Each structure stands twice: as C-alpha cells, then as structure tokens.
Amino acid sequence: TPHQKEQETADRAERIQAAITTLESKIRQIRLEGEVAPKGCYVARYQARGQRAAYWYYKLQAAEPIFPTKDKPSRYKQLGKAGSCAHVDSVIQVARRVQIDELQRAIDSLKQSWADLYSTKEDSGQSTRRE
C-alpha cells in the first residue's frame, strides 16, 4: 500500500541518516587524536648522496606549494631521517587524512543515496537509483 511504501522509504532514510551520523562521529574522533595532514599530501622517500654513502631522507609532499619557507611557499616539508619525530608524526598525520577522506567519500555516497530515495525523476519508468 502507499502508506507501507512511505514507511519503508522513511525507514531507509533513517538508516542512512544514522550511518552518516556514525561516520561523522568517527571523523570528529580522528581529528581529536591529533593533527591531520593537509589534503593531497603524502610522505615521500628520497636518496641523498654523501661523499661516502647514500642516505635516505623523507619529506611531506603536496601537489601545491602550501608549506611556509623564508621566501615563498614550498611543495615540500623536510622530515629528516627514518624514525625522526617529524617523519613519524607526518606518517600518522597522513594516515589520519586518508581515513578522513575515505569516511567523507562514504558520507557523500550516503547523502546521494538519501537524495535518491526522494528523487521524483523517472527514467524510462525506472527510478534514477544509483548502485
């Protein structure tokens, strides 16, 4: 019956909203754990050659110049050797960023699903539902 269909739609919308609330809560929790790397950043390893040997160093790298320097912003933030405080902190910050970005993608998907529930568009007699 139409009433049952409306109730089923309302139940599905409620489940979607509950899931969104849960995911938003997880994002807040991650942010409370500590600093989050800027979007699009990653930790890169590079080799520097000394007189006697080659050394591995790490840098936080961004797509755009966002890190302050004396002259102008840079795409790189030097982190030093493996295991340095800056290196380990940056790896953790990037991991937080990845988690938040993935949770946000899930939230965006659920919001689209919620909108699809109430979409009145019809395409060849079928709803515009996305899977």
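At 42% relative accessibility, Tyr118 falls in the partly exposed class. Its ring partner, Trp114, is partly exposed as well, with a relative accessibility of 38%. All of this comes from a predicted model, and a search through the whole structure turns up 2 aromatic pairs.

A pair of aromatic rings is described by how far apart the centres are and by the angle of the planes. For the rings of Tyr46 and Tyr57, the centres are 6.1 Å apart and the planes are at 35°, so this pair goes down as tilted. Tyr46 belongs to strand E1 (residues 42-49) and Tyr57 to strand E2 (residues 54-61), so the pair ties together parts that sit 11 residues apart in sequence. Tyr46 is partly exposed, its relative accessible area being 26%; Tyr57 is partly exposed too, at 24%. Buried would mean under 20%, so neither tyrosine makes that class.

Then there is the pair made by Trp114 and Tyr118. Here the ring centres are 5.0 Å apart and the planes stand at 55°, so this pair is tilted too. Stacked would take planes under 30 degrees apart and edge-to-face over 60, so an angle of 55° leaves Trp114 and Tyr118 in the tilted class.

Charged side chains also turn up over aromatic rings. Arg45 lies over the face of Trp56, with 3.6 Å to the ring centre. Lys59 has its charged end over the ring of Tyr76, and the distance to the centre of that ring is 4.3 Å.

Terms used
Residues are numbered from 1 along each chain as its sequence is written. This is a predicted model: local features need pLDDT of at least 70, side-chain atom pairs count only at pLDDT 80 or more; totals for chains, interfaces and linings use all residues. Side-chain values use heavy atoms; hydrogens and water are left out. Rings of Phe, Tyr and Trp (its six-membered ring) pair if their centres lie within 6.5 Å; planes under 30 degrees apart count as stacked, over 60 as edge-to-face and the rest as tilted. Helices (H or I, at least four residues) and strands (E, at least two) are DSSP runs, numbered from the N terminus. Buried means under 20% relative accessible area, exposed over 50%, partly exposed in between (1.4 Å probe, protein chains only). A charge sits over a ring if NZ of Lys or CZ of Arg is within 6 Å of the ring centre and within 35 degrees of the ring normal.
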